[in-house]
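Colleague: I should be grateful for a close look at a single part of this protein, namely one helix and the residues around it. Please set out what surrounds the helix and how it is joined to its neighbours.

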Amino acid sequence: MAETETKKKGYAFSEEGMRKLKGLMKDYPSTDALLLPALYIAQDEFGYLDDAALQYVADLLKAPRSKVYGVATYYTMYKTKPTGRHLIQVCTNLSCSLLGAEHILNYLENKLGIKVGETTPDNRFTLITVECLGSCGTAPMMQINDTYYENLAEEGIDRILEGLK
């Protein structure tokens, strides 16, 4: 997608977003090093990273679009499609799986009325799985937005979800 196409879609960092990016440019020695934080700024500004947002970042950094796309789709912390207000990420790696991640996932699917990869009709919750959130000693666990919830059981999940209304 050409730079003019990203402008048509209204993609441009706010003054604050550009200030953050320019501040980071002083601290990062290369475009490759700057790519991860630039994608965070874009996601924060635009909500998620669709093709036009990725092209905008590529244009800003003068980086190949393929590299920007590859990074954004490789890491699970970047959202490439719209998500609910609360992004629920259930860890399914070995420790969590052995201690009940599948049960937790099934419970959440039933409770929310959605399957993995879906968003509730009211756009409150999106449910996904991730490979590892680095909390093996407190499995099973999930992350909702930026908060970890560990040693999960059904009752605790009910309290957590009720607190997010």
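Modeller: The account below takes helix α3 as its subject and then follows its contacts outwards.

The model is predicted, so to speak of local features a pLDDT of at least 70 is needed, side-chain atom pairs count only at pLDDT 80 or more, and totals for chains, interfaces and linings use all residues. Residues are numbered from 1 along each chain as its sequence is written, and side-chain values use heavy atoms, with hydrogens and water left out.

Helix α3 comprises residues 31-46; helices here are DSSP runs of H or I with at least four residues, numbered from the N terminus. The 16 residues of α3 should span 22 Å at 1.5 Å a residue, and the 21 Å between its end C-alpha atoms agrees with this; the expected span is 1.5 Å times one less than the number of residues. The helix has a kink of about 30 degrees centred on P37, where the bend at a residue is the angle between axes fitted to the seven residues ending there and the seven starting there. After α3 comes G47, with a positive phi near 95 degrees.

Within α3, the residues L34, L35, P37, A38, L39, I41, A42, Q43 and F46 are buried, that is, under 20% relative accessible area, whereas exposed means over 50% and partly exposed lies in between (1.4 Å probe, protein chains only). These buried residues pack against α2, α4 and α5, contact being heavy atoms within 4.5 Å.

The packing extends into a nonpolar core, defined as a set of buried Ala, Val, Leu, Ile, Met, Phe, Trp, Tyr and Cys residues joined through side-chain atoms within 4.5 Å. The largest such core has 23 residues, and L39, L49, V57, L61 and V68 have the most contacts inside it. Two or more residues are given to this core by each of α3, α4 and α5. Leaving aside residues up to four places away in sequence, L49 touches L39, A42, Q43, L54, A72, Y78, K79 and T80.

Of these neighbours, α4 (residues 51-61) has 8 of its 11 residues buried, so it is largely enclosed by the rest of the structure. Its buried residues include Y56, V57 and L61.

At F46, aromatic contacts come into view. Rings of Phe, Tyr and Trp (its six-membered ring) pair if their centres lie within 6.5 Å, and planes under 30 degrees apart count as stacked, over 60 as edge-to-face and the rest as tilted. The whole structure has 7 aromatic pairs. Among them, Y11 and F46 are edge-to-face, at 4.6 Å centre to centre with 85 degrees between the planes. This pair links distant parts of the chain, 35 residues apart, with Y11 in the loop between α1 and α2. Both Y11 and F46 are buried, and they join F13 and Y56 in one aromatic cluster.

A salt bridge (a side-chain nitrogen of Lys or Arg within 4 Å of a carboxyl oxygen of Asp or Glu) also involves α3. The side chains of K67 and D32 meet in this way at 2.8 Å, N to O. This pair too links distant parts of the chain, D32 lying in α3 and K67 in α5, 35 residues apart. D32 counts as partly exposed at 47% relative accessibility, and K67 is partly exposed with a relative accessible area of 36%.
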